Amino acid sequence: MNEYQPQLAPQPEDYCGKLPVSEVFHSIQGEGRWRGTPSVFIRLQYCNLGCYWCDTRYAWETGEINKGTLYSPESLAQQVTSLTNYPAVLPHIVLTGGEPLLHQDRIPALLELLRRAGFGFIEIETNGSIILGNELLTAVDWWNCSPKLRNSRVSEELRINPTAIRTLALSGKADFKFVVRDRNDVEEIGNSYGKWIDAEQIWLMPEGQSRDIQSSRMKDVVELSLAKGYRFTPRLQVLIWDNERSR
Ligand code: SF4
């Protein structure tokens, strides 16, 4: 495997209580337990890993990073509310990235405002490499953790944080989604993470940034899920919109 050096854009030194937002959009959750659920996605900028196959490089890569906007929690909550017009049932909130936990000191203020505005269910997507504080752990309804394997080409020291994974696994409100290509990837899940995560918490998801690649890999990944007793999740956003942005 060739040497791979991700070009992680440096974060500002001081956020002044604001959150760097790459994009906000209204769509359906495409992956995991809540797939199909109407959701407002808030994509925060910057990442600490820089995976080889990442499909949101515009949220973290030097040169590729989009302009983004620094929002105060108040203005971001207002922007989210303006995207939804359901009188009774508000969509889920999905906080994603990049790696949202790089900003965990500023997230609770946002969540409190969103709760006050009536949003009843908040998910956070994380790569599982950053230790989570108690305040955020209890403030969130569901954690979609996607720990990385060797296929990400990120070093083990950066991507595997046993304390962070254990904290989420023991929370009783987390799933662990793994991007896989083949049997070797699936064996690696058990060997690397199996001591911290129960099989019933594990979901397999085919690697691939286009509809054609997803489609060609799904059958094999379903068979690997069945062989191990893991769950399978498609990536609906790729199957429906191919590699379009903001879906
Ligand atoms: S951790 Fe997630 S956002 Fe960061 S590079 Fe990997 S896939 Fe992309």
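**Exercise 1. Determine which residue of strand 7 stands opposite C145, and describe how strand 7 is paired with its neighbours.**

Solution. Step 1: C145 stands opposite F176 in strand 7. Strands here are DSSP runs (E, at least two residues), and helices are DSSP runs (H or I, at least four residues), both numbered from the N terminus. The model is a predicted one, in which local features need pLDDT of at least 70 and side-chain atom pairs count only at pLDDT 80 or more, while totals for chains, interfaces and linings use all residues. Residues are numbered from 1 along each chain as its sequence is written.

Step 2: Strand 6 (residues 142–145) and strand 7 run parallel and are joined by three bridges. Two strands count as paired if DSSP finds at least two bridges between them.

Step 3: On to strand 8 (residues 202–206), which runs parallel to strand 7 and is joined to it by five bridges. In strand 8, P206 is the bridge partner of V180. From strand 7 the chain passes through helix 6 (residues 183–193) to strand 8 in a right-handed β-α-β crossover, meaning that, with the strands pointing away from the viewer, the path from the first strand over the helix to the second runs clockwise.

**Exercise 2. State the strand order of the open sheet and identify the strands at its edges.**

Solution. Step 1: The nine strands of the open sheet follow the order 3-1-2-4-5-6-7-8-9, with mixed pairing.

Step 2: Strand 3 (69–71) and strand 9 (231–232) each have a single partner strand, so one side of each lacks a neighbour in the sheet.

Step 3: An antiparallel pair is formed by strand 1 (residues 19–28) and strand 2 (residues 38–44), over seven bridges. Within strand 2, R43 stands opposite E23.

**Exercise 3. Decide whether strand 7 is largely enclosed or not, and examine its two faces.**

Solution. Step 1: A residue is buried if 20 or more other C-beta atoms, placed from the backbone, lie within 10 Å of its own, exposed if 12 or fewer, and partly exposed in between.

Step 2: Seven of the seven residues of strand 7 are buried, so the strand is largely enclosed by the rest of the structure.

Step 3: In a regular strand the side chains alternate between the two faces of the sheet. In strand 7, A174, F176, F178 and V180 are buried on one side, and D175, K177 and V179 on the other.
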